Amino acid sequence: MESAKLVSLLRTCITCKSVTPAKLIHQKILTQGLQNNSLLSKTLIDLYLSCHLYPAAKLVFHSIPNPSTISLWNSLMTAYTKHHMFIDALELYDKLLRCPYLCPDSYTYPSVLKACAALGRVGIGRMIHNHLVKTGFVSDIVVASSLVGMYAKCSVFGCAIQLFDEMPQRDVACWNAVISCYYQDGQADKAMEMYDKMTTSGFEPNVVTITTVISSCARLLDLERGREIHKALIKNRVDLDSFVSSALVDMYGKCGCLDMAKEVFEQVPRKNVITWNSMIAAYSVTGDSKSCVGLLRRMIDEGTSPSLITFSSILLACSRSLQLQHGKFMHGYMIRNCVEADIYIYSLLIDLYFECGSIPFAENVFEKMPKTNIVSWNVMISGFVKAGNYFGALGMYDEMIEAGVRPNDITVTSILSACSQLTALEKGKEIHRTVADSELEINEIVMGSLLDMYAKCGAVDEALNVFKKLPSRDLVSWTSMITAYGSHGQAKEALKLFDEMQQSNAKPDGVTLLAVLSACSHVGLVDEGCHYFIQMISKYGIEPRIEHYSCLIDLLGRAGRLNEAYQIIQRTPQIREDVQLLSTLLSACLLHRDHDLGLNIARLLIEKIPDDHSTYIMLSHSLASGNKWNEMRKVSLKMKELGLRKNPGCSWIEVNRRIQYFFVQDKSHPESEMVYQCLKLLKTHMDGDELVSHWGSAIIHTI
């Protein structure tokens, strides 16, 4: 009777979280010699754990000479897992296994498996699974469901699904685990299929099920299905907790239904950080950085601290909308509030500054971030490449190698793109050696980038070697090799390869046909080029773009079929006003000395782009060729009047695997003085050769 009263008093202390009275009761238990009473011990352990006094709970348990009741062990193990003391739970389970007079029961295993799942100890989980099969506990629905959950949380999806399929009986928890398995494995459609099976099997989904299913709709961009589930929740008057509401906001946001996302968001009475992040992410999808920043301010005002996910969504919005000021505001906020940014936040900041053209700011962020991770170097190299600063990309790559950081497939792909743009063949070969050393030759994207680099650098044989080594040939690799042949005058080989491609499973696209037309244009295969242009439309149903017309006009222009080319431009509405095509045809007119058509096109171009120096220069050349000196002088005066001048030329050369670049009248190179002396010497020799040539011609003419 005394022990029953003490248990009742202890339970009251648990409800009220009253530690001091509980300790007095504990003292009374000890003085009356009731410490071996299993119910009193269990209640004392529950009390101390509920008050987060874990050492006291442990002490109570260990003070029992021989805890002979399995429920006592189970109680402490359950309490450990409930309070995230997973290592303690496994240690207690290990001690139980060594206990000679006790064995775990069906109430032991759910807690132990939960601890395994939380710690990712799938090895221990498998051992327990084997033991459960031997002892027959695997047939217990709760134990089997816990096993499925353990495998799911440890990302061993195959075992989870196999075990689920073998279960004679199922509960909601195991359905949830399997639905979650498919969702986490990127099979959202399969998750939806399992959800349908669950409901048709008569199981009532809970908030965990609904949250995963709505997230699956978001991933599939299945707005209609998401709406159906939302309507069913409203119809059944289901209370939407913050997790379900956040999932709904996320789903509507990703599906582009912002109004519904806002409506659900505003109906959440107590918004947690997940709810705020879901709404900010919805605005981020559309690049609405202003609304994102506004929500951040409101979030802080309402007492919720932003997380790194909050910052990442806002920075993404700033990048998408090119809102540099909002991005700087976020960067400043993080500095002022001492936010410990991770590698992803740093990468987003760098990407934002590159997107907005603020390269010095990107470099400043890079200087302050950890540089041991390949990700930080990759984001800088790709940023320089996207900004068109290929020299900067190569410099950053060299710094990375000096820092002892090993490049990965993303690094190689980015830096090969820079080599392609600069036709830096030697540097490209050096990177190819790195690819071979790093065993990246099995990576199709890397090999495709290598092929493209060799093609653009004119190394057709090397490109062909890479092409032959490809594990499989896709549309991009076929197109790159055709481009390599075509760009370097090997049109027959390009057309032969195109025929091989047509015989394979690869179907050519607009880019492939552009490579074919370009190959024909380079060597003057006019009839073949016209044939493929017609075939592109009639056989493959590809609508010609400006680039295709540009190849056709160039092809006809080089062949001297100027009027035919001009007629194509005039009768095709989508290209009639295109400046690039008119400029191409103007160059052809100069080449074939068709002054009348050339002058007409030049005047048309000046009307369209009056401040473009190149048109005036071509017009001037055309007038000079026709001996129209007075008109040529007028054009020159007009250029001076408009303040037009030719952009300074830039050239570069690769010496000892380093790119040396030069601008007109540039003296920034450390050896510029020697370069200019060499140029002066060359000019002297050239002038002498011209003089000898001139007098030689005069003597021959006299004779």
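Visitor: How many aromatic pairs does the structure hold?

Guide: The structure, which is a predicted model, holds 12 aromatic pairs. In general, a pair of aromatic rings is described by the distance of the centres and the angle of the planes. Here the ring centres of Tyr 353 and Phe 361 are 5.3 Å apart and the planes stand at 25 degrees, so this pair is stacked, given that planes under 30 degrees apart count as stacked.

Visitor: Are Tyr 353 and Phe 361 buried or exposed, or in between?

Guide: Tyr 353 counts as buried, because its relative accessibility is 1%, whereas Phe 361, at 36% relative accessibility, counts as partly exposed.

Visitor: Which residues do ring pairs link into a cluster?

Guide: Ring pairs join Tyr 93, Tyr 109 and Phe 137 into a cluster.

Visitor: Which residue lies over the face of Phe 366, and which over the face of Trp 478?

Guide: Over the face of Phe 366 lies Lys 371, at 5.1 Å from the ring centre, while Arg 473 lies over the face of Trp 478, at 5.8 Å from the ring centre.

Visitor: How many disulfides are there?

Guide: A disulfide is a covalent bond between the sulfur atoms of two cysteines. In this predicted model the count comes to 0 disulfides. Take Cys 181, for which the closest cysteine sulfur, in Cys 159, is 10.0 Å away from its own sulfur and therefore too far for a bond, since the cut-off for a disulfide is within 2.5 Å.

Visitor: What is the relative accessibility of Cys 181, and what is the relative accessible area of Cys 678?

Guide: Cys 181 has 1% relative accessibility and so counts as buried, whereas Cys 678 is partly exposed, with a relative accessible area of 42%.

Terms used. Residues numbered from 1 in each chain as written. Predicted model: local features only at pLDDT ≥ 70, side-chain atom pairs only at ≥ 80, totals over all residues. Heavy atoms only, no water. Phe/Tyr/Trp six-rings, centres within 6.5 Å; stacked < 30°, edge-to-face > 60°. Buried < 20%, exposed > 50% of the residue type's maximum accessible area, 1.4 Å probe, protein only. Lys NZ or Arg CZ within 6 Å of the ring centre and 35° of its normal.
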